[in-house]
Amino acid sequence: MIQTHRELGRTGIQVPTLTFGGNVFGWTVDRQTSFSLLDALVEKGLFFIDTADCYSRWAPGNEGGESETIIGDWLKKTGKRNQIVLATKVGMETGEGKTGLSPAYIRQAVEASLKRLQTDYIDLYQAHRDDSDTPLQETLATFDALIKEGKVRAIGASNYSAERLQEALNISKQQGLARYETLQPEYNLYDRQGYESGLEQVAREHGLGVINYYSLASGFLSGKYRSKADANKSKRGEGVVEKYLNDRGLRILKALDEVAEESQATPTQVALAWQIARPGITAPIVSVTSLPQLEELSKAASLQLSEEAIRKLTEASRY
């Protein structure tokens, strides 16, 4: 059972130090396995579930909304709505003309998400990506209204630039509107620069909760891909090897191996523990497709790395 909880930004909502990514539900994980994973997550104290209205539209035969539908069916079956913190997103395309952050579309999308999730409120509703065609004030005013109506508890931003995130926070302050309380950026031991070169400062300055995605660099940080021959280990293997298998990537794997041995842990657990220890990071997002994988990942939430181990990993992954 995970004991360590952190506040999600300034929302007052307490979450564990790992977020579970629901993109796998209805895609690489069928309904029955999804239910057993959700049961196990709650049992282990990993009750923060992140999904999106577009998950998993990209899979053959899917239309989008599959992940939310599975979570909603599980909530109906188990009655555990008050035992989880539920996050979803709006803004990515879910069909013809269904995209962006216009007031009318957000209204339409939130009702669809609530229906699929079979709940009357969403704990964290996130803008999945910036929409330069809609004034920030209009988007924020709509989110603010949803909070006042009790349909949403807090709002967050994903895939915003540091400049646009700062602008949004300024508008919320000036107009007295609800502000983005969380940020969901890409971040891991390899992909550090994008977040650290601007977003990190904005997030820490304003006390935003950070729930980063691709926290294991598409599986590379697990140590699964160590040579070009490993590309055939998964569907995404070729892309992973092409992007990460270089001098810097191998240096990071070496440091992960060394720290894992010292800590009696796995590279996966160490890679996540480094992020959890990073000032400003609230709860990295992780996904699994089986109960044994969940067992391994859950141990990362309580793994305490030494200062020396953190320094070694930070140095090995410098850019």
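The following legends describe close-up views of a predicted model.

**View 1. The open sheet and its edge strands.** The sheet in this view is open and has eight strands, which follow the order β9-β8-β7-β6-β5-β4-β3-β10 with parallel pairing. Its edge strands are β9 (209-210) and β10 (285-286), each of which pairs on one side only. At the β9 end, β8 and β9 run parallel and are joined by two bridges, and Thr-182 stands opposite Gly-209 of β9.

**View 2. Strands β5 and β6 within the sheet.** Four bridges join β5 to β6, and these two strands run parallel. Within this pair, Ala-87 stands opposite Leu-124, a residue of β6. Strand β6 is mostly covered, since six of its six residues are buried.

**View 3. Helix α1 and its surroundings.** Helix α1 comprises the 13 residues 31-43, which at 1.5 Å a residue should span 18 Å, and the separation of 18 Å between its end C-alpha atoms agrees with that expectation. The buried residues of this helix are Ser-34, Phe-35, Leu-37, Leu-38, Ala-40, Leu-41 and Val-42. Among the elements that cover them are the strands β3 (19-21) and β4 (48-50), together with the helices α2 (66-78) and α10 (291-298). After α1 comes Gly-45, which has a positive phi near 80°.

**View 4. Helix α4 and the elements that cover it.** For the 13 residues of α4 (residues 136-148), a rise of 1.5 Å a residue predicts a span of 18 Å, and the end C-alpha atoms are indeed 18 Å apart. Leu-136, Thr-139, Leu-140, Thr-142, Phe-143, Asp-144 and Leu-146 are the buried residues of this helix. Their cover includes the strands β5 (85-90), β6 (122-127), β7 (152-158) and β8 (180-184), as well as the helices α3 (103-117) and α5 (162-175). Just after α4, Gly-150 adopts a positive phi of about 85°.

**View 5. The packing of α3 against α4.** The axes of α3 and α4 lie 9 Å apart and the two helices pack at an angle of about 35°, in a crossing that is right-handed. On the α3 side the residues that take part are Pro-103, Ile-106, Arg-107 and Val-110, and these meet Glu-138, Thr-139, Thr-142, Phe-143, Ala-145 and Leu-146 of α4. Of these α4 residues, Thr-139, Thr-142, Phe-143 and Leu-146 are also among the buried residues of the helix.

**View 6. Leu-165 in the nonpolar core.** In soluble globular proteins, nonpolar side chains tend to be buried together. The largest nonpolar core of this model has 103 residues, and those with the most contacts inside it are Tyr-125, Leu-165 and Tyr-180. When residues up to four places away in sequence are not counted, Leu-165 touches Ala-157, Tyr-160, Tyr-180, Leu-183, Leu-199, Val-202 and Leu-208.

**View 7. Glu-200 in helix α6.** Glu-200 is found in α6 (residues 193-205). Its relative accessibility is 10%, and because the limit for a buried residue is under 20%, Glu-200 counts as buried. Apart from neighbours within four places in sequence, Glu-200 is in contact with Tyr-195, Arg-278 and Pro-279.

**View 8. Backbone exceptions in three loops.** Most residues other than glycine have a negative phi, and most peptide bonds are trans. Gln-118, although it is not a glycine, has a positive phi of about 55°; this residue lies in the loop between α3 and β6 and, with a relative accessibility of 37%, counts as partly exposed. Asn-159, also not a glycine, has a positive phi of about 60°, is found in the loop between β7 and α5, and is partly exposed at a relative accessible area of 35%. The peptide bond that joins Tyr-55 and Ser-56 is cis, with omega of about -5°, and Ser-56 is found in the loop between β4 and α2.

**View 9. Leu-303 and its contacts.** Leu-303 has its place in the loop between α10 and α11 (307-316). Leaving aside neighbours within four places in sequence, the contacts of Leu-303 are Ser-263, Ala-265, Gln-269, Val-270 and Ala-273. The C-alpha atom of Leu-303 is separated by 30 Å from that of Ala-162, and these two residues are 141 residues apart along the chain.

Definitions and conventions:
Residues are numbered from 1 along each chain as its sequence is written. This is a predicted model: local features need pLDDT of at least 70, side-chain atom pairs count only at pLDDT 80 or more; totals for chains, interfaces and linings use all residues. Side-chain values use heavy atoms; hydrogens and water are left out. The expected span of a helix is 1.5 Å times one less than its number of residues. Buried means under 20% relative accessible area, exposed over 50%, partly exposed in between (1.4 Å probe, protein chains only). Contact means heavy atoms within 4.5 Å. Two strands pair if DSSP finds at least two bridges between them. A nonpolar core is a set of buried Ala, Val, Leu, Ile, Met, Phe, Trp, Tyr and Cys residues joined through side-chain atoms within 4.5 Å. Axes are lines fitted to C-alpha atoms, for helices over the stretch in contact, and angles run from 0 to 180 degrees between N-to-C directions. A crossing is left-handed if the near helix is turned anticlockwise from the far one by less than a right angle, and right-handed if clockwise.
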